[in-house]
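Please read the following report with the sequence and the model side by side. The text begins with a single residue and then widens to the whole chain.

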Amino acid sequence: MEMKLEVVGREVIKPASPSPQDLLQLSLADVSGPAAYVSTIFFYKTVSGESLDITSGRLKTSLSDTLSRFYPLAGRMEGDKIICNDEGAVFTEARTDLLLSDFLKNNLDNTNSLPEFLPTIAPGESAGAWPLLSAKVSFFGSGSGFAVTVSISHRICDASSILTFVSGWAATAKAESSDVVVMNIPTFASTTIYPPPPCSFQSSSLDGLYEPKSKCVANRFFFKSSKIAELKRRAMSETVPVPTRVEVIMSLIWRCATNSSRSNSAVQKSTLMIQALDLRLRIPPAVLSKDAVGNLQAPFFLKEGSESKMEIAEIVAEFRKAKEVVNEMIKENLATTTLGPNLLSLLGKLASELTPDIDLFPMSSWCRKPFYEVDFGCGSPVWIGSTGHVIHNAVFVMLMDSKDGEDVEAWISLPGQDMSVFVRDQEVLAYAVINPPVLI
C-alpha cells in the first residue's frame, strides 16, 4: 500500500529563553565521529478528542521550552565548538491519508518507506554546522496516529543522549497538556571525560575510508524471546555459562555477515566487529551524570582472521572478555586523572586496526534503554523505527528492544550483494524473521 507523505510546513523553533552560556567545547570523541544525524522515529496512536493542530502546536511549544534546557542543540557548530546563539531547531510537519495501522501492517516489508519520515535537509544545512537538531511530526489519516522523528547531530550525541533529549521533550509536552511543571536540567559532558581535540586536529570521518563496495541495503530482523533462548543455549560455554541477549545476537550476526561477505569476495579478508560501552553506566554519577549529553562511550573490538571458523560460543567468550578488559580499565582509573588518556588509547588501538583490507562491522545496542517509555501525552509508542544507517549508506548493525522488552529487533545494513546472501542464510532464518508487520 503506497504512502504519500506531504510536507505542509517547515519552520525554525527558537528556545523559549536565552542560552545561559555562549559556547560549548566539544571533546575529541565528539569531533572524531561522522558529521551525520542519528535519527529515531516514534509511532503513536492519537489521543481521542485532540485535533491535529492542537497536537502540532503543543509539540512546537514544548520543543521551544525544551530547547531552553538543551540550549546547545539550538546552536551552530564551528570547528570543535558549538556557538550557543539560539539559532534554533528545524520543525517539519507532514500528513498522509494512510491509516497508522495500515502503514505498520502493510508497509514494513522493507525499510524503504521509513526515510520519508526524516526531516529534509535543505541546501547549506548539515549535521556538522546547523541545524544540530531537526524534528518532524507526520500525521496519519483519519486521526489514527502520528510519528515523531528526532534527528540530532552525532557530533554532540549518542543513543543515550537522544533518549535524554526526547524524554525531556516528551515530558514537557505531556506536562503542558496537564499543567504539571517539569524541570529536567541536563548536563553537557563537554570535556569531562575525553579531552578537547589538539589544535592540529582535523576532524574527519571514516566514511570515505570505508565506502561500501556497493549500495547498502537495510532490513529489520525480529528475534523472538524463545528463539533468543535457543541461541543462548547454543552459545553457552564454561567460560560464559550465561550469555546475554546482546552477546549472542551480535555474535550470530557478525558470523553470518562475515560469511556473506566472504561468499562474494575472491580474496578472504580479516573481519572486525566494533561495539561501544556506555560510560554513564560505568562511572559514578558524581563524576558523570546519568543524563549527561555527549559521545560518552568506550569502544572495544573483536578481530578474526580470514581462516577463522567463527564459532558462536567462541565469539561470545571473546566478546565477554573484551568487555571485561574495558570495564576493569575504567574501574582502575576512576580515582586518578588517567581515565581520559586510557580511553583515548582504546580509540588509538581501534584506529590502528582500521585498514582498507578488513571487513568492518560497527554494531550498537540500544537494548535496555527505555525508548518505549517516551510519552508525549498519548501513551507509549506502538512502535519505534530507525533510519540512520539507511540514509548514510553504511554497514551497520543496531539492536533495540521490542515493545514487550523481551524480543529484539536488529536493524542490519550491508552491501547489496552481501545482504542478498544474508537474508537467505538458514542460520539467520533459524532464529529471526525478516521485516515482519507490526500489528496494533
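Gln-275 is buried, since its relative accessible area is 6%, where buried means under 20% relative accessible area, exposed over 50% and partly exposed in between, computed with a 1.4 Å probe and protein chains only. Gln-275 lies in strand S10, which covers residues 270–278; helices (H or I, at least four residues) and strands (E, at least two) are DSSP runs, numbered from the N terminus. Leaving aside residues up to four places away in sequence, Gln-275 touches Val-246, Met-250, Ala-298, Pro-299, Phe-300, Phe-319, Met-363, Ser-364 and Ser-365, a contact being heavy atoms within 4.5 Å.

This is a predicted model, in which local features need pLDDT of at least 70 and side-chain atom pairs count only at pLDDT 80 or more, while totals for chains, interfaces and linings use all residues. Residues are numbered from 1 along each chain as its sequence is written, and side-chain values use heavy atoms, with hydrogens and water left out.

Another residue to find is Lys-105, which sits in helix H3 (residues 100–106). Lys-105 and Pro-437 are 332 residues apart in sequence, yet their C-alpha atoms are 4.7 Å apart in space. Lys-105 touches Pro-437, Val-438 and Leu-439, again not counting residues up to four places away in sequence.

For the chain as a whole, the secondary structure comes to eleven helices and 16 strands. Among contacts between residues at least 6 apart in sequence, 81% join residues at least 24 apart, and of the 440 residues, 53% count as buried. The C-alpha trace spans about 60 × 55 × 40 Å along its principal axes. A compact globule with 440 residues would have a radius of gyration near 22 Å, and the chain agrees with this because its own value is 22 Å; the radius is taken over C-alpha atoms, and the globule rule is 2.2 Å times the number of residues to the power 0.38.

What about the cysteines? A disulfide is a covalent bond between the sulfur atoms of two cysteines. The structure holds zero disulfides, a disulfide being counted here as a pair of cysteine sulfur atoms within 2.5 Å. The table gives two cysteines, for each of which the closest cysteine sulfur is too far for a bond.

| Cysteine | Closest cysteine sulfur | Sulfur distance | Relative accessibility |
|---|---|---|---|
| Cys-216 | Cys-256 | 18 Å | 9%, buried |
| Cys-367 | Cys-256 | 18 Å | 9%, buried |
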